[in-house]
Amino acid sequence: MYKKVRTPCIGVCSTGIGDDVCRGCKRFAHEVIDWNAYSEDQRRIIAERRESYLANAVRSQLEIVDRDLLLAQLRHQQIRFDEEQNPYCWVFELLRAGASQIENTLDYGLRPTAQARGVPLVELRRRIDEDFYGLSVAYYLRYVAPGLRRA
């Protein structure tokens, strides 16, 4: 049995100012508006798409080399994360909570990718968020917007 899908809203909605994709949660404007009317299956589809894009964005910057250490650190630092999600999503929650305080990524079971070596974690967090948004916008423009124009 699946657990209930919670809203991914983080309180930074940009759909109210005209964005087709929210810069906060990366849902499409109509998904933000219609969220409460969606079935759990519809919500799950949205959650899985977001999780996939976020995991890909994180994976391009950081590699998990010790999942157990990452998990232990998240728990020790009391960082809120969803253990059922892809572990790369956990990494983003870690960066959101304390990118500026982490000195050595290996202490958290992480290693920067070649393109991320020497880049401050605050900048990696920004890149990841930007890539996550970019993937969401690309999907929206390619698959969602054309259907909305026909309707």
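Which side chain does R75 meet in a salt bridge? In this predicted model, the partner of R75 is E83, with a nitrogen-to-oxygen distance of 2.7 Å. This contact belongs to a set of twelve salt bridges in the structure. Both of its members are partly exposed: R75 has a relative accessibility of 48%, and E83 has one of 40%. As the class of partly exposed residues ends at 50%, R75 at 48% falls within it.

A further group of salt bridges involves helix α5, which comprises residues 121-150. Here the side chain of E123 meets that of R126, with 2.6 Å between nitrogen and oxygen. The two residues are three positions apart in the helix, and therefore about one helical turn separates them. R126 has a relative accessible area of 40% and is partly exposed. E123 is likewise assigned to the partly exposed class, at 25% relative accessibility; the buried class would require a value under 20%.

E123 also forms a salt bridge with R127, where the distance from nitrogen to oxygen is 3.6 Å. That distance satisfies the criterion for a salt bridge, because the cut-off is 4 Å. R127 and E123 lie four residues apart in helix α5, again about one turn of the helix. With a relative accessibility of 23%, R127 counts as partly exposed. Through shared partners, the salt bridges join E123, R126 and R127, together with E130, into one network.

Methods: Residues are numbered from 1 along each chain as its sequence is written. This is a predicted model: local features need pLDDT of at least 70, side-chain atom pairs count only at pLDDT 80 or more; totals for chains, interfaces and linings use all residues. Side-chain values use heavy atoms; hydrogens and water are left out. Buried means under 20% relative accessible area, exposed over 50%, partly exposed in between (1.4 Å probe, protein chains only).
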